[in-house]
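Here are some notes for a colleague who is opening this structure for the first time. They are arranged as numbered points, to be read with the model in view.

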There are 2 protein chains.
Amino acid sequence: MISVAIMGHGVVGSGVADIIYSHKQKLFSAVGEELYIKYILDLREFPDSPFAERFTKNFDDILGDVEVRIVVETMGGIHPAYDYVKACLKAGKSVVTSNKELVAAHGAELLAIAKETNANFLFEASVGGGIPIIRPINQCLVANNVSEIAGILNGTTNFILTKMIKENMDLDVALKLAQDLGYAERNPAADIEGHDACRKICILASLTFGKHIYPEACYTEGITGITLEDVEYASVWGGVIKLIGSVKKVDKDKIDIIVAPMFIPNESQLSSIDDVFNGIMVRGDAVGDVVFYGRGAGKLPTASAVVADVIDCVKHLKARKYLSWIDSDNSSVIPHEDSVTAVYVRASASDRQAAYDKAESVFGEIHRLEKENAPKKELAFVTEPMTVKEFTEKLKEFESDEIKAESLIRIGDL
Amino acid sequence: MISVAIMGHGVVGSGVADIIYSHKQKLFSAVGEELYIKYILDLREFPDSPFAERFTKNFDDILGDVEVRIVVETMGGIHPAYDYVKACLKAGKSVVTSNKELVAAHGAELLAIAKETNANFLFEASVGGGIPIIRPINQCLVANNVSEIAGILNGTTNFILTKMIKENMDLDVALKLAQDLGYAERNPAADIEGHDACRKICILASLTFGKHIYPEACYTEGITGITLEDVEYASVWGGVIKLIGSVKKVDKDKIDIIVAPMFIPNESQLSSIDDVFNGIMVRGDAVGDVVFYGRGAGKLPTASAVVADVIDCVKHLKARKYLSWIDSDNSSVIPHEDSVTAVYVRASASDRQAAYDKAESVFGEIHRLEKENAPKKELAFVTEPMTVKEFTEKLKEFESDEIKAESLIRIGDL
């Protein structure tokens, strides 16, 4: 029997307890040991839980109990999760977490402590909910030099964009619907401003390239500026708008990492990933493109990934899993202004034709997008790829009292 | 340094050698040990290989060398691969194979031997080429009761069907093109008659449900009967034709396993998997649907999966991986006539309207498919779901001197 403690009985934590309870037989046959939930840490009371008498409000009960070899952290946020996880790892207990904020902010340090104490620190559920992604990158694709990862990493924004694309719904209306359905928080900033996706792509980048990439090094743009006009122009162009988290190797030791809405061509596997689903493309030198698709959030999907990590900890109580990266000062990330991208520009101009001519003289070759029923003063086009710096300079030259850029969206090279 | 032997220097085997050679540093950093190819077994000569002096024609060199702890089998076919693999496992050497025929025919026995001698027998590359699927099912989805797996498991047939769907190419022409491009063998039977997909779904079924399912228990139908008319009717219906390998739990201890062309709705993630790509959907009770997508064949993709397994063997030279299933007599597979499916029927009839009326009186509710420019004597419809037995009886009643069924294709419930 293996004693486990769960810290946090919220959506994911209670899902973990449910799965361990309801899948007892299946889990037993996977490892030949029974998982026993010895403690659940939560400040609230849950008298109706089948584990009611195992609840504690005191973290030291868990830390001080040598029988507890595996601790699940599903509290979320940095404090006190960080201190608790650190203390558990220092005590040689393995920790499994679904907390992307924690891993993105302190992964390197916590992995280093785990290494010292020969414990495991696993976090499959922190990216892509129940979709297997951390373990496949770390194990299955180990014989590949990965050059790029790009994905739809946030279900809430994907739901909103899908409603805009498929039902012509305004962003505000779609956001309200997402909130009513429980997909978005009352304060939706972490989702719609891209911070959630940013944490996830930072975790994937750290894992893939072996150095911790902190969220502040990742240029992040949310979806709040996207309009139905842009959605229509994306369709004219032959694609859809998706919020993409992407990291690319651009040089031996340099990476380009970004979260931003992008035009994605209809031919890309990522273009058909709709609603709250997530999809992650990994590009390896041997395997080519591999895509992982599924529910990126939700109680049971996420909890099932946590429990799979717990099982892996049970199998590796003695032998550590080789999952690690080193700390870094973010110096492997190129400045955002050096990032190369083609850009979609929607602009208003008193003289549309003159503005197109100016666009051509300033940006060089452009691909005009002509939409039915476009306002007379609106123009839209896609530039050739160039650095953000170059684009910004050209844009300044393009804009004038007569011409104003209304919307700028990157073209995803996927 | 870990000594490895590779048996078979064909497409995949030479790819394995290439990757071990070219990814030395990456592989070293994954396990902290160097992989050393000590032997390559092949009856042919490869004087230009960087490993030229390591070739042997004598299996006993490998078997008798205690330094060789890991053996890669990429010979293909059953003989002599089966005997060699068995001998290696009996000698306590871990074996990694890409040989789906071997695993489908002898997996249970070989896994049992591996268990006895505390060796590993791994075969990620046997299904889905470089796409991670065996390990994700076995590890990442361990906290799920999987109810169904369905996938596009054969790249050659998917290429042919894609050419038929997108370019209106006849099956024969598309097959010829696949052969010219090296995607199909001169004798394409294993692919186009569904045997390759059958072996793969049997491996996935064995892994998922814990009992060996032998290929002869899996009803298997290839794509040779598919015509461009059927492709058009699938489009009218709102989908595409794909060769699907599927296994479903239908009862506590019973499964329904099949390989057949099916109508797949455009909304399904599997519908957009084109060309030589494979895609596999796994349905778990906690995680919902997860889809894995990528190149299902080819030298480097497949070899990269083999090398990932080799790395896993190195990490688990002492502790066995928990990957196993027991032998069985196929009694968990329901008779094919009890399988439930809706069916697309294309028929010719002297009196089209009378035939539709008869279809309604015989099959009950049907969904008529009306195609532009259909021959006057052609009709097509989709039935409600029913058992194969019931359908067969009704079909007999439906057909007559006046009415002849030209094509029957299952409707995939995906």
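1. Where the chains meet, in which sense do strand 12 of chain A and strand 12 of chain B pair, and over how many bridges? Bearing in mind that this is a predicted model, the pairing of strand 12 of chain A with strand 12 of chain B, which spans residues 288-295, is antiparallel and runs over 3 bridges. Within this pairing, A:Phe292 has B:Phe292 as its bridge partner in strand 12 of chain B.

2. The relation between the two chains is a helpful next step. A turn of 180° with a shift of 0.0 Å along the axis lays chain A on chain B with an RMSD of 0.0 Å, and this is therefore the relation of a two-fold axis. In chain A, the C-alpha nearest that axis belongs to A:Phe292, at 2.5 Å from it. Both copies use the same surface, since 100% of the contact residues of chain A recur in chain B.

3. The contact between the chains draws 44 residues from chain A and 44 residues from chain B. On the side of chain A that touches chain B, at least two residues each are supplied by helix 2 (24-31), helix 6 (134-140), strand 12 (288-295) and helix 12 (299-315) of chain A. The largest share of that side, 10 residues, is the contribution of helix 12 of chain A. Sorted by character, the residues of the side of chain A that touches chain B comprise 26 nonpolar, 11 polar and 7 charged.

4. Turning to the sheet in chain A, one finds 6 strands in an open sheet with the order 3-2-1-4-5-6, and the pairing is parallel. Its edge strands are strand 3 (55-56) and strand 6 (121-122) of chain A, each of which pairs on one side only. Strand 2 (residues 35-41) of chain A runs parallel to strand 3 of chain A and is joined to it by 2 bridges; in strand 3 of chain A, A:Thr56 is the bridge partner of A:Leu41. Helix 1 (residues 11-22) of chain A packs on this sheet and touches strand 1 (2-7), strand 2 and strand 4 of chain A, with a direction that makes about 155° with that of strand 2 of chain A.

5. Chain B can be read with the same questions in mind. Here 6 strands form an open sheet, ordered 3-2-1-4-5-6 with parallel pairing. Strand 3 (55-56) and strand 6 (121-122) of chain B are at the edges with a single partner strand each, so one side of each has no neighbour in the sheet. Strand 1 (residues 2-7) of chain B pairs with strand 4 (residues 68-73) of chain B in the parallel sense over 5 bridges, and B:Ala5 stands opposite B:Val71 in strand 4 of chain B. Helix 1 (residues 11-22) of chain B lies across strand 1, strand 2 (35-41) and strand 4 of chain B, and runs at about 155° to strand 2 of chain B.

6. The stretch after strand 4 deserves a careful look in both chains. In chain A, a cis peptide bond with omega of about 5° joins A:His79 and A:Pro80, and A:Pro80 is placed in the loop between strand 4 (68-73) and helix 4 of chain A. In chain B, B:His79 and B:Pro80 are joined by a cis peptide bond whose omega is about 5°, with B:Pro80 in the loop between strand 4 and helix 4 (81-90) of chain B.

7. Helix 4 (residues 81-90) of chain A packs against helix 5 (residues 100-116) of chain A at an angle of about 15°, their axes being 10 Å apart, and these two helices are therefore roughly parallel to each other. The contact involves A:Ala81, A:Tyr82, A:Val85, A:Lys86, A:Leu89 and A:Lys90 of helix 4 of chain A, and A:Leu102, A:His106, A:Leu110, A:Ile113 and A:Ala114 of helix 5 of chain A. By character, the residues of this contact are 8 nonpolar, 1 polar and 2 charged.

8. Another helix pair lies in chain B, where the axes of helix 13 (residues 352-363) and helix 14 (residues 388-398) of chain B come within 10 Å and cross at roughly 145°. The crossing of helix 13 of chain B with helix 14 of chain B is right-handed. In this contact B:Lys358, B:Ala359, B:Val362 and B:Phe363 of helix 13 of chain B meet B:Lys394, B:Glu397 and B:Phe398 of helix 14 of chain B, a set that divides into 4 nonpolar, no polar and 3 charged residues.

Notes: Residues numbered from 1 in each chain as written. Chains lettered and ligands numbered in written order. Predicted model: local features only at pLDDT ≥ 70, side-chain atom pairs only at ≥ 80, totals over all residues. Axes fitted to C-alpha atoms, helices over the stretch in contact; angles between N-to-C directions. Helix = DSSP H or I, 4+ residues; strand = E, 2+ residues; numbered from the N terminus. Parallel < 35°, antiparallel > 145°, perpendicular 65-115°, else oblique. Contact = placed C-beta atoms within 7 Å. Nonpolar A, V, L, I, M, F, W, Y, C, P; charged D, E, K, R; others polar. Pairing = 2+ DSSP bridges. Least-squares fit on C-alpha atoms with pLDDT ≥ 70 in both. Left-handed = near helix turned anticlockwise from the far one by under 90°.
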